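Welcome, and thanks for opening the viewer. Let's walk through the model together, one selection at a time.

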Amino acid sequence: MTDAWPTEIRLHKDRRTLSVAFDDGRAYDLPAEYLRVESPSAEVQGHSPADRQLVAGKREVRIQEVIPVGHYAVRLIFDDTHSTGIFTWDTFRTLGEEQAERWKRYLQELAAKNLSRDAAGAARHH
């Protein structure tokens, strides 16, 4: 757990990026696609690392709504109807700090399973 507290959570007008700024001066622009595929929901993460689901075809996903959950998190509602992920401040911090590595791993996993970021090509056929 960090002690950083968000000073701003702002959804960009195109609904494709969520900016999160913290009181220690760190700030992250987190793409909707990245947040969707890294959602902390059980539906994506499973109940153990072995259960984790690889989510493909989300290049065009947008965030419809950001709903506060107490004083510790927000729920993101995506336009593909996914809405079960609760993003705590620590989750945003981790996703921001590890964005480059996590995104690289995600792209490698898609390639290894012959999947695409595009909805029409989520499952490529040979």
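Begin by selecting Glu97, which counts as partly exposed because its relative accessibility is 40%. Keep in mind throughout that this is a predicted model.

**Stop 1: the partners of Glu97**

Now add Arg26 to your selection. Glu97 and Arg26 form a salt bridge, and their closest N and O atoms are 2.9 Å apart. Glu97 belongs to helix α3 while Arg26 sits in the loop between β2 and β3, so this pair ties together parts that lie 71 residues apart in sequence. Arg26 is partly exposed too, with 42% relative accessibility.

Next, bring in Arg93. Its side chain meets that of Glu97 in a salt bridge, at 3.9 Å from N to O. Arg93 and Glu97 are four residues apart in helix α3, which means that about one helical turn separates them. Is Arg93 buried or exposed? Arg93 is buried, with a relative accessible area of 3%.

**Stop 2: Asp24 and the network**

Select Asp24 and look towards Arg93. These two form a salt bridge whose closest N and O atoms are 2.5 Å apart. This pair also links distant parts of the chain: Asp24 is in the loop between β2 and β3 (27–31), Arg93 is in helix α3, and their positions lie 69 residues apart in the sequence. Asp24 counts as partly exposed, at 43% relative accessibility.

Show the four side chains at once: Asp24, Arg26, Arg93 and Glu97 are linked in a network of salt bridges. As a general point, side chains of opposite charge can pair when their charged atoms come close. For the model, the count of salt bridges comes to 11.

**Stop 3: Val20 in strand β2**

Move to Val20, which lies in strand β2 (residues 17–22). Val20 is buried, with a relative accessible area of 1%. Which residues does Val20 touch, not counting those up to four places away in sequence? They are Glu8, Ile9, Arg26, Ala27, Tyr28, Leu30 and Phe92. You will recognise Arg26 from the salt-bridge network. For a distance to try in the viewer, take Val20 and Glu38: they are 18 residues apart in sequence and 16 Å apart in space, C-alpha to C-alpha.

**Stop 4: helix α4**

Select residues 99–112, which make up helix α4. At 1.5 Å a residue, these 14 residues should span 20 Å, and the end C-alpha atoms are indeed 20 Å apart. Colour Arg102, Tyr106 and Leu110, the buried residues of α4. Looking down the axis of α4, you will find its buried residues within an arc of 75°, so they line one face of the helix. Turn to the other side of α4, where Ala100, Lys104, Ala111 and Ala112 are exposed.

What covers the buried residues of α4? Show α1 (32–37) and α3 (89–97), which are included in that cover. Helix α3 is also where you met Arg93 and Glu97.

**Stop 5: just past α4**

Follow the chain onwards to Asn114, just after α4, where phi is positive at about 55°. Finish at Ser116, found in the segment after α4. Ser116 is buried, with a relative accessible area of 6%. Display its side chain together with the backbone of Asp118: the Ser116 side chain reaches the backbone nitrogen of Asp118 at 2.9 Å.

Notes: Residues numbered from 1 in each chain as written. Predicted model: local features only at pLDDT ≥ 70, side-chain atom pairs only at ≥ 80, totals over all residues. Heavy atoms only, no water. Helix = DSSP H or I, 4+ residues; strand = E, 2+ residues; numbered from the N terminus. Expected span 1.5 Å × (residues − 1). Buried < 20%, exposed > 50% of the residue type's maximum accessible area, 1.4 Å probe, protein only. Arc of directions from axis to C-beta. Contact = heavy atoms within 4.5 Å. Polar contact = N/O pair within 3.5 Å; in protein donor to acceptor, adjacent residues only side chain to side chain.
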